[in-house]
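Visitor: Could you walk me through this model, one question at a time?

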Amino acid sequence: MSTYDDQSAVTVLGLGPMGRALAGAFLDAGLRTTVWNRTPGRDAELVARGATAAGTAEEAVAASDFVVVCVVNYDASDAILRQPAVADALKDRTLVNLTADTPARARDTADWAAAHGIRYLDGAIMTPTTTIGTPEAVFLHSGPEDVYRAHQPVLDTLGGTHTHLGEDVGRAAAYDIALLDIFWTAMAGYAHALAAARAEGITGRELAPFAQGIAAILPPLFEEFAGDADAGNYSGDLNPITSAASSMSHIIEASEAHAIEASVMRAVEGQARRVIALGHGTDGFIRVTDLLSRHGH
Ligand code: NDP
């Protein structure tokens, strides 16, 4: 593998909000930045800041040894990358796919890249567009360590923290899935809580300071329960799952009394009740992890 790519030139394929933020950070770092997007016109601000607009994806790829793609999902990145002319142009270059999707899609793309002589890294961005180019950005990467090390300086121009999670190219996507699982489940809880509160005449603004208090309880619990889950130790001394299930049933009852569907909470309560039925009622709620993993019972 060549480690001598010209790292002063980068190409960004995909100019949604995130692609534009990435290209903007490369420009701010003084890199020669070529951009392309399926729908024309999204590059105007970047071009005004010094980016070169390419007419086609293959032209964009040909302009740089280092290519980043960031589009909505891997159906979209496949539609761009797997065109024969684009695949040919990518040969012997480095492609970093910062599009979010599943680990299986990342591994499939890595196989495709290997078959086409393309050096490939897969990544996930864990923070919003506004963090890109700042210390707050969080990037996860996976794939061949030597390729990652060779391109670390150019990745660092995107700001924030970059973590290489290992050679299994699906690992960044696997972390992304697990972390977005937390995010979306929490957002579902918040959306539901706002509706339940509204039904009782409580505004979002009234609830928000207390909602933040609930959110602040979580980080130390995440840390503690991570160790418990790894060790298979689910002691519920301070909050047994029987008590948790009772609390959940109140939420369901109060919501449904206002004709607010409570399907998410019903699903969670069902999991807790299954754990209890399996004889683990004195354990803590995180015993559900084992129920879902289909071991430990
Ligand atoms: P979107 O997820 O909406 O992606 C928009 C981009 O995808 C556009 O460039 C769009 O092109 C392109 N696209 C969609 N379908 C196709 C297709 N069939 N062929 C070619 N291009 C296509 O916006 P973002 O830029 O915000 O997100 C990009 C990635 O970054 C996503 O995977 C997202 O999950 C991830 N991400 C985003 C964050 C954010 O805060 N926005 C935070 C963390 C990760 P066109 O303009 O032609 O429609």
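Here is a short set of questions and answers.

Guide: Before we begin, this is a predicted model, in which local features need pLDDT of at least 70 and side-chain atom pairs count only at pLDDT 80 or more, while totals for chains, interfaces and linings use all residues. Residues are numbered from 1 along each chain as its sequence is written, and side-chain values use heavy atoms, with hydrogens and water left out.

Visitor: How many residues of strand E2 are buried?
Guide: Helices (H or I, at least four residues) and strands (E, at least two) are DSSP runs, numbered from the N terminus. Buried means under 20% relative accessible area, exposed over 50%, and partly exposed in between (1.4 Å probe, protein chains only). Strand E2 spans residues 32-36 and is mostly covered, with the buried count at 4 of 5.

Visitor: Which residue of strand E3 stands opposite Val 35?
Guide: Two strands pair if DSSP finds at least two bridges between them. E2 runs parallel to E1 (residues 9-13) through 5 bridges, and Val 12 stands opposite Val 35 there. E2 also runs parallel to E3 (residues 52-53), joined by 2 bridges. In that pairing, the residue opposite Val 35 is Ala 53.

Visitor: Which residues of helix H8 are buried?
Guide: H8 covers residues 171-199 and reaches 42 Å from its first C-alpha to its last, close to the 42 Å expected (1.5 Å times one less than its number of residues). Its buried residues are covered by elements including helix H6 (103-115) and helix H9 (204-231), where contact means heavy atoms within 4.5 Å. Those buried residues are Ala 172, Ala 173, Asp 176 and Ala 197.

Visitor: How far does a polar side-chain atom of Arg 38 lie from an oxygen atom of the ligand?
Guide: Arg 38 is among the residues that come nearest, out of 21 around the ligand (a heavy atom within 4 Å). A backbone N or O atom of Val 71 lies 3.0 Å from a ligand oxygen atom. For the polar side-chain atom of Arg 38, the distance to a ligand oxygen atom is 2.9 Å.

Visitor: Why does Ser 77 count as buried?
Guide: Ser 77 is found in helix H4 (residues 74-81). Leaving out residues up to four places away in sequence, Ser 77 touches Val 69, Val 71, Arg 82, Asn 97 and Thr 99. Ser 77 counts as buried because its relative accessibility is 0%.

Conventions: Polar contact = N/O pair within 3.5 Å; in protein donor to acceptor, adjacent residues only side chain to side chain.
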